[in-house]
Amino acid sequence: MQEDERTRAMRQPGDGRPLPRQEPDRLRSGGAPAHQIPSAPSDDDEPRARSRVYGKQRGGNSPVQPLKSRGEPAGPKPPRGPRRGFPWKLALGLLAGLLVVLLVAAVGGFFWINGRIKGIDGVLADYPGRVADTPGTNWLLVGSDSRKGLSAADRKKLATGRAAGQRTDSMMLLHISDNGDKPTLVSLPRDSAVTIPGKGRNKLNAAYAFGGPKLLVQTVETVTGVHVDHYMEIGFAGFVGIVDAVGGVEIDVRADVNDPKAGLNLKKGKQVLTGGQALGYVRTRKGGALPDFERTKRQRQFLGAVLKKATSPGVLINPFTSIPLAMAATDSVTVDAGAGAFDMLSLARAMGGGPVTTVVPFGGNTNAGGGSAVQWDRTKALALFNALKDDKPVPQDVLDKG
């Protein structure tokens with residue numbers, strides 16, 4: 001039944017419906033449709049339907065471009081926009097701002113440090129018969145055995161004892177030349193037999209005990225003939241603080257040192273000493289045929305090392321070391337009232353540059369102040385101090401060869 005209905009639905013020849021019209025001058029090829037296929041509508045008629053690319057709806061109306069095979073040259077690149085130059089104005093502005101900040105910080109830091117420096121009035125006051133000013137700049141550097149600032153635990157740890165009062169533990173004369181020569185650092189043994197104005201013959205450190213810094217300066221000027229321009233003093237606590245502020249100091253220990261009285265036990269060789277070790281190193285009297293003179297050598301060696309590190313760029317430009325160093329130095333160091341931050345910087349640079357170091361030539365022992373004292377070699381000592389007075393290099397034959 002269903003087959004008959006489909007058969008009747010098909011058109012039979014001669015059923016009365018006309019065949020499609022064919023052009024008379026064109027022949028139909030085999031397999032071509034018997035009637036003309038209507039053309040696709042143009043873009044003007046209606047929008048083109050979106051096609052699918054790899055199963056996804058493709059956007060846009062442009063035709064699909066064929067994929068390029070490997071090795072096929074790429075087409076022309078689109079033109080680039082104008083290249084932007086380096087922002088010089090912005091960079092220069094930032095640099096100028098940074099310089100202004102650094103300048104303000106440097107000026108502020110200078111006044112801050114200068115305001116923290118503690119001065120001693122009258123330490124360089126004139127007196128009858130005082131030595132006239134001499135060329136160059138001369139500093140009298142004094143290390144006292146003051147325990148001020150140290151707690152009972154600190155004194156025990158550093159083995160400083162409980163001595164009351166204040167005495168000079170080390171004395172040095174630093175000469176900074178005006179003509180560009182290397183500075184000269186001369187140790188003045190504290191047990192040197194000298195004449196103290198108004199007190200007679202005694203040991204050099206007794207001058208400090210009798211009349212403080214002022215009488216000590218007068219005594220040094222009298223026995224050396226060298227005019228003292230500046231005075232600086234530091235105690236035990238300050239010494240430890242400065243060394244720790246710069247992170248310790250490397251010292252080449254020339255021989256094993258074991259001194260329980262100084263709280264020190266060091267092996268020979270280069271090593272970084274902490275503040276406590278440094279204090280023991282400059283105080284110990286162990287080692288050498290002449291322990292007191294070996295002690296002065298260690299003091300000069302260590303002072304030069306600590307000031308060299310303190311003035312190094314790695315310490316000065318690092319606020320984490322420079323600020324603690326400035327605070328430790330200004331808390332523990334006292335100077336003459338005329339010395340300022342620039343003077344102290346000049347001192348540090350002179351010491352950090354590797355000065356010529358020596359000790360006053362000596363010629364044996366003598367008695368002074370009720371005990372044994374060091375007798376200077378008068379001829380060589382005069383040659384040494386006359387060179388400093390005249391701002392000339394010290395003769396080689398009077399320098400300490402050790």
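Is Phe385 buried or exposed? In this predicted model, Phe385 is buried, with a relative accessible area of 2%. The ring of Phe385 also takes part in an aromatic contact, and the count for the structure comes to one such pair. The partner is Trp376: the two ring centres lie 5.9 Å apart and the planes meet at 40°, so the pair is classed as tilted. A tilted pair is one whose planes are neither under 30 degrees apart, which would be stacked, nor over 60, which would be edge-to-face. Trp376 has a relative accessibility of 13% and therefore counts as buried, too.

A little further along the chain, Asp391 sits in the segment after α11 (378-389). Most residues other than glycine have a negative phi. Asp391, although not a glycine, has a positive phi of about 55°. With a relative accessibility of 8%, Asp391 counts as buried.

Helix α4 deserves a closer look. A straight helix of 21 residues would span 30 Å at 1.5 Å a residue, yet α4 (residues 204-224) spans only 12 Å between its end C-alpha atoms. Where does the kink in α4 lie? The kink is found at Gly211, shortly before the proline Pro213, and amounts to about 135°. As for its surroundings, 15 of the 21 residues of α4 are buried, so the helix is largely enclosed by the rest of the structure. Following α4 comes Gly225, which has a positive phi, near 75°.

Helix α4 also contributes to the charged contacts. Side chains of opposite charge can pair when their charged atoms come close. How many salt bridges does a search of the whole structure find? The search returns two, and Asp126, Arg130 and Glu221 are linked through them in a network. In one of these contacts, Arg130 pairs with Asp126, with 2.7 Å between the closest N and O atoms. In the other, Glu221 pairs with Arg130, and here the closest N and O atoms are 3.1 Å apart. Because Glu221 belongs to helix α4 while Arg130 lies in the loop between β3 (118-120) and β4 (137-144), this pair ties together parts that are 91 residues apart in sequence. The members of the network can be described by their accessibility as well. Glu221 has a relative accessibility of 0% and so counts as buried. Arg130, at 17%, falls under the 20% cut-off and is therefore also buried. Asp126, by contrast, counts as exposed because its relative accessibility is 65%.

On the surface, a nonpolar patch is formed by Trp88, Leu92, Leu95, Leu98, Leu99 and Leu102, which together have about 670 Å² of accessible area. One of these residues, Leu92, lies in helix α2 (residues 88-116). Leu92 has a relative accessibility of 55%, over the 50% limit, and so counts as exposed. As general background to the spacing along such an element, an α-helix has 3.6 residues a turn, so residues three or four places apart point the same way.

A final contact concerns residues far apart along the chain. Ala350 and Lys182 are separated by 168 residues in sequence, while their C-alpha atoms are 8.0 Å apart in space. Ala350 is part of helix α10 (residues 341-352), and its relative accessibility of 10% means that Ala350 counts as buried.

Notes:
Residues are numbered from 1 along each chain as its sequence is written. This is a predicted model: local features need pLDDT of at least 70, side-chain atom pairs count only at pLDDT 80 or more; totals for chains, interfaces and linings use all residues. Side-chain values use heavy atoms; hydrogens and water are left out. Helices (H or I, at least four residues) and strands (E, at least two) are DSSP runs, numbered from the N terminus. The expected span of a helix is 1.5 Å times one less than its number of residues. The bend at a residue is the angle between axes fitted to the seven residues ending there and the seven starting there. Buried means under 20% relative accessible area, exposed over 50%, partly exposed in between (1.4 Å probe, protein chains only). Patches are made of residues with over 30% relative accessible area and no salt bridge: like charges are joined within 9 Å, nonpolar side chains (Val, Leu, Ile, Met, Phe, Trp, Tyr) within 5 Å. Accessible areas come from the Shrake-Rupley method with a 1.4 Å probe; for residues, only the protein chains shown count as cover. A salt bridge is a side-chain nitrogen of Lys or Arg within 4 Å of a carboxyl oxygen of Asp or Glu. Rings of Phe, Tyr and Trp (its six-membered ring) pair if their centres lie within 6.5 Å; planes under 30 degrees apart count as stacked, over 60 as edge-to-face and the rest as tilted.
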